[in-house]
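Colleague: I am new to this model and would like a close look at one part of it, the pairing of charged side chains. Please take me through it slowly, with the meaning of each term as it comes up.

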Amino acid sequence: MAPFNGQPSRSEQIALALAPKVAGCLSIIGSIYIVFDIARRRQQKRSSFGTFERLLLGLSFCDILMSAGFFVSTWAMPTDTEFVWGAIGTTETCTIVGFMEQSSVAGIMYNGSLSIFYLLRIRYGWSAHKIERLAEQWLHIVPITFGISTMVAGLPLKLYNSGIFDCWIAPYPQGCKQSWQINEDDFHDDGTADFTICERGDNASLYQFAFDLIPKWLSIILATVNMVLIYFKVAEQESKSHSKSFNAVAAATAAAAAANNPEANATEYEEQKRTRKTPSMSTKLAVQSYLFVGAMYITYTPVIITRITEVVKGSVYYEMLLTISIAIPMQGFWNAFVYIRPRWIRERQETNSGCFTAMIHVFQKQTNDFDETNDTQEMSQPQQKEPQQFDENRSEPAGYHEENDALFIDQEMPSH
């Protein structure tokens, strides 16, 4: 790889223009699928959204907004933008797209909120209702407030300008010298200079760190720490569970041996093997949390590597830019795979079908369920629900079911 000089060839321009459009389209489809499926499931069960679902909806809406910006990408750039393929827009359209793409910071902060939710649910055993009462509002307030604040702040600061493959926080024109980079010695005695002063997006590189990169890195660190804490907690629970199961089976086996009953002995041995192979609900939830965070890693690790390379070497590589132009808009696509994974696994277990066939069956069932739900609603009148009663001595309100917090495992997790 050779250092990128900011002047891509014609073929490189086309690749950098098309890559985020394709990736953004896939991400939009994935996030819209999540939104509609959550709504469909709640409609079928005639219940309100749970905390996890609301967090995932927040993440998905942010991703739809960001991915739509990446889908437009070069089309929104002013027509006079150099070294960009497909620039047919204006400064105003570029500003709108940059505003949309800045929503990505709220999206990754929602990833941090999801990791906190999983931490409270799995490691500390908070009930779904306790999380809703004591923590959920902050899990929304932080990403929404910071995201909207930075999105709006970029408008009067004129930060949203053309980059190499999208409109975002960038100095304009490309290659201009920002205020923090200028020294008095850079000017000649007559006040002239051999560099171009930024017309828009002055100090954009600093705002990139303050408005986007640092919050994203902190969110990644937060999610990583939470996943480590969850891992050790689940490992401890599994160890205790296996130990109890082993002791119980060993005692039953000894009793069977004392009674000279080899058939019972074999049965207990098989039960021991089955128990060890069956993952607990905590383990299933933990795996889901790892995968959602993994989707975030896939999305933003290339960005971190590119930024570190830029700081250390003073330049980046075309291959790195192409990678991030694909990776960043793809999070909704990966989230959709993680979201549907539990149903896909269950379908494979129940039908003993292959990976692709099981995925098709899942989508077919969802389509049929959606049609049946619509037919049922047309034939029936909505029923009035009795208001829920809350007992202060209970961790959940009367009539509350953990299906609101099923995390799409489609099973209930017992409260601790």
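Modeller: Arg-346 and Glu-350 are four residues apart in helix α11, so about one helical turn separates them; helices here are DSSP runs of H or I with at least four residues, strands are runs of E with at least two, and both are numbered from the N terminus. The two side chains form a salt bridge in which the closest N and O atoms are 3.9 Å apart, the term meaning a side-chain nitrogen of Lys or Arg within 4 Å of a carboxyl oxygen of Asp or Glu. Arg-346 counts as partly exposed at 30% relative accessibility, whereas Glu-350, at 53%, counts as exposed; buried means under 20% relative accessible area, exposed over 50%, and partly exposed in between, with a 1.4 Å probe and protein chains only. Elsewhere, Asp-37, Arg-40 and Arg-343 are joined into one network by salt bridges that share partners.

Before going further, please keep in mind that this is a predicted model, in which local features need pLDDT of at least 70 and side-chain atom pairs count only at pLDDT 80 or more, while totals for chains, interfaces and linings use all residues. Residues are numbered from 1 along each chain as its sequence is written, and side-chain values use heavy atoms, with hydrogens and water left out.

Side chains of opposite charge can pair when their charged atoms come close. The structure holds eight salt bridges, and one of them joins the side chains of Arg-343 and Asp-37 at 3.0 Å, N to O. Because Arg-343 belongs to helix α11 (residues 331-351) and Asp-37 to helix α1 (residues 10-45), this pair ties together parts that are 306 residues apart in sequence. Both partners are buried, Arg-343 at 7% relative accessibility and Asp-37 at 3%.

Another salt bridge brings Arg-307 and Glu-310 together at 2.7 Å, N to O. These two are three residues apart in helix α9 (residues 281-313), so about one helical turn lies between Arg-307 and Glu-310. Arg-307 is buried at 17% relative accessibility, while Glu-310 is partly exposed at 34%.

This pair also leads to the largest pocket, since Arg-307 and Glu-310 are among the residues that lie nearest its centre, together with Ile-164, Pro-171 and Gln-208, out of a lining of 43 residues. A pocket is an open set of points on a 1 Å grid over the protein atoms alone, where a 1.4 Å probe fits, with protein on both sides within 12 Å along at least five of seven lines, and lining residues have an atom within 4 Å of a point. The elements that give two or more residues to this lining are α2 (51-72), β1 (160-162), β2 (167-169), α7, α9 and α10 (318-327), and α7 gives the most, with seven residues.

As for how far to trust the picture, the mean pLDDT of the protein is 81, and 75% of its residues reach 70 or more, pLDDT being the predictor's confidence in each residue, from 0 to 100. Confidence is highest in helix α6 (residues 136-153), at a mean of 97, and lowest in helix α8 (residues 262-277), at 54. Over residues 375-416 pLDDT stays under 50. Where pLDDT is low, the predicted coordinates should not be read in detail.

Methods:
Contact means heavy atoms within 4.5 Å.
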